[in-house]
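Me: Please take a close look at one helix of your choice and at what covers it. Then place that helix within the rest of the chain, with any backbone oddities and sequence-distant contacts you find along the way.

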Amino acid sequence: LPQENKYFCAVCSAVELLPAEQRRLLKWKMSTVTPNVVKYTIARSHFRVTKKSHDWLGCWGHHMKSPGFKALGVHQKLNHFPGTFQIGRKDRLWRNLSKMQLRFGKQEFNFFPRTFVLPQDIKLLRKAWEDGGSRQKWIIKPPASARGIGIQVIHKWGQMPRKRPLLVQKYLHKPYLISGNKFDLRIYVYVTSYDPLRIYIFSDGLVRFASCKYSSSIKTLSNKFMHLTNYSVNKKNSEYQTNSDDKACQGHKWALKALWQYLGSKGINTTLIWEKIKDIIIKTVIASDPYVNNLMKMHVRSPYSCHELFGFDIMLDENLKPWILEVNISPSLHSNTALDASIKGQMIRDLLNLAGFRIPQREDVVAACSSATSSTSSVCGGNRERTKLDLSADEKVKQAFYPTQRYADQDFLSTVLEVLTPEDVRALAESEDEMNRRGEFERIFPSPSSSRYLRFFESLRYLNILLDQWEQKYWNNRTKGISLLRSLCQDGIHLGTSDPAHIVRNGQRMK
């Protein structure tokens, strides 16, 4: 395959100039929360900053209330989905994961500590507290705080703050320690689409250490430098040691890849830990799926307009089992050190390329399909947006049919690929184009082994089934799948067709 043009680059590279007519359209809406690493990356790509509310292609801004998304034009892309606070707020995250645990069992959902949301769960908490004996520790957190504010570890009922609401969690009192210190992992997760769901994980991340050696003694519980791993807390400690080298295992912040090296040198199977982390991430994002998709249908004109970066905080216990602590919907992209700048800079460059910004059509701002923007390896030339074309009657029949077959076997589900409709071709081409721009991101859903997750969705969605079956069929021969899509697009199938080979007649081949 020809190499995709990369329109966003890291510090030392240059981006080829687009023709002047298109360069005029490269406008970015600046927000008070746009991090510098994003500003510098878009500036290198010849975007101009605008303050106007309508005349822009991209914006890295605040999470807003769902109705605010109605204002987004079909050519605009904002770094949030409506409804992601369902995992981004601590109380909602635990409510939604607990619901999943009740429904699917502890075997599948045993990666979060026992949690109570006050005031609702006060009686349940009191009972758990009494059953647990006197040596237990609990961690309390305000449900919507950040940077460690308001978090404390307690062991007496009398220490419980009277202020509500509050999140009370069983404290993971036996963490895995390195040189005696507790640490957690910041994993970067990028969701490009919720329908179909596509989740990517960045290959590097950050390891954040507490700046004081760990002790399980009850006397130490008030020492935040020992029990909390937040950088905003630990940087205030005079003992805090910085680390500028993304290869070095030193100081109180490491690169994730350095941690894997370190654990690997001790004979630990780090691939297994990484696979467990991916499992947690997929299940947690699926927990937000019904909320986000409902709000997308209500408030967002085009699925193109939303994408989101999440910061997952994961802790390893003494057995190296990963536990989820929280999900951040606006993870910090401050890059105060060379280590931060290196990891976050590469991640944002790859994220913006993966985002697939489009130069809009003439009716939005200008015609998109001149040679410079239909990227060299875009399967279907990038000239028609998937959402613009109405579904034909037979496509509606097909899309309504497969999700109702909840307990269908693999043989049956694979028939979804037998008759590829125009909408199927557009969805698959978009997915392959995106995959080709992934940089250092890895796609973890859909993947060759993601079928097992389909049962966790509250409602099965047609495009998730389609992409899952495509992965199973072509993951070990992508070139074959791509050349099939390319030939269909060259025949214009993705733009609508009367070719009987691409029309599902009254459930034909779906029996």
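Reply: Burial first. In this predicted model, 56% of the 511 residues of the chain count as buried. The chain exposes about 22600 Å². Carbon and sulfur atoms supply 52% of that exposed area.

The helix I choose is α8, residues 256-265. Which of its residues are buried? They are Leu256, Ala258, Leu259, Trp260 and Leu263. The general geometry helps in reading such a list. An α-helix has 3.6 residues a turn, so residues three or four places apart point the same way.

What covers the buried residues of α8? The cover includes three strands, β9, β11 (206-209) and β12 (253-255). It also includes a helix, α9 (270-299). After α8 comes Gly267. Its phi is positive, near 80 degrees.

One strand of that cover, β9, leads to a backbone feature. Pro196 sits in the loop between β9 (183-194) and β10 (197-202). The peptide bond from Asp195 to Pro196 is cis, with omega near 5 degrees. Another cis bond joins Phe445 and Pro446, where omega is about -5 degrees. Pro446 belongs to the loop between β15 (441-445) and α14 (462-474).

On the other side of β9 is the loop that links it to β8 (166-170), and Ser179 lies there. Ser179 is not a glycine, yet its phi is positive, near 50 degrees. Is Ser179 buried or exposed? Ser179 is exposed, because its relative accessible area is 54% and the cut-off for exposed is over 50%.

Leu320 also has a positive phi, near 65 degrees, and is likewise not a glycine. Its place is the loop between β13 (308-316) and β14 (322-328). Leu320 is at 14% relative accessibility and so counts as buried. Buried means under 20%. As background, most residues other than glycine have a negative phi, and most peptide bonds are trans.

Now the contacts that span the sequence. Take contacts between residues at least 6 apart in sequence: 70% of them join residues at least 24 apart.

Ser66 is one place to look. It is in the loop between β3 (58-59) and β4 (77-78). At 12% relative accessibility, Ser66 counts as buried. Not counting residues up to four places away in sequence, Ser66 touches Pro82, Gly83, Leu295 and His299.

Phe85 is another. It is in helix α3, residues 85-88. With 29% relative accessibility, Phe85 counts as partly exposed. Phe85 and Ser288 are 203 residues apart in sequence. Their C-alpha atoms are 8.5 Å apart. Neighbours within four places aside, Phe85 is in contact with Arg92 and Ile329.

Thr41 is a third case, in helix α2, residues 36-44. Thr41 is buried, at 1% relative accessibility. Which residues does Thr41 contact, leaving aside neighbours within four places in sequence? They are Phe8, Cys9, Ile348, Arg349 and Leu352.

Next, the cysteines. How many disulfides does the structure hold? Zero. Cys306 is in no disulfide, and the nearest cysteine sulfur, that of Cys59, is 12 Å away. Cys306 counts as buried, because its relative accessibility is 0%. Cys489 is also buried, with a relative accessible area of 7%.

Last, the whole chain around α8. The secondary structure comes to 15 helices and 15 strands. Along its principal axes, the C-alpha trace spans about 75 × 55 × 45 Å. The radius of gyration is 24 Å. A compact globule of 511 residues would have a value near 24 Å, so the chain agrees with that expectation. On charge, the chain has 77 positive and 47 negative side chains. The centres of the two sets lie 8 Å apart.

Back to the helix itself: α8 has five names to remember, Leu256, Ala258, Leu259, Trp260 and Leu263, each buried. Start from there and follow the cover out to β9, β11, β12 and α9.

How values were computed: Residues numbered from 1 in each chain as written. Heavy atoms only, no water. Helix = DSSP H or I, 4+ residues; strand = E, 2+ residues; numbered from the N terminus. Rg over C-alpha atoms; globule rule 2.2 N^0.38 Å. Buried < 20%, exposed > 50% of the residue type's maximum accessible area, 1.4 Å probe, protein only. Contact = heavy atoms within 4.5 Å. Areas by Shrake-Rupley, 256 points an atom, 1.4 Å probe, with all protein chains shown as cover. Lys, Arg positive; Asp, Glu negative; His and termini not counted. Charge placed at Lys NZ, Arg CZ, Asp CG, Glu CD. Disulfide = S-S within 2.5 Å.
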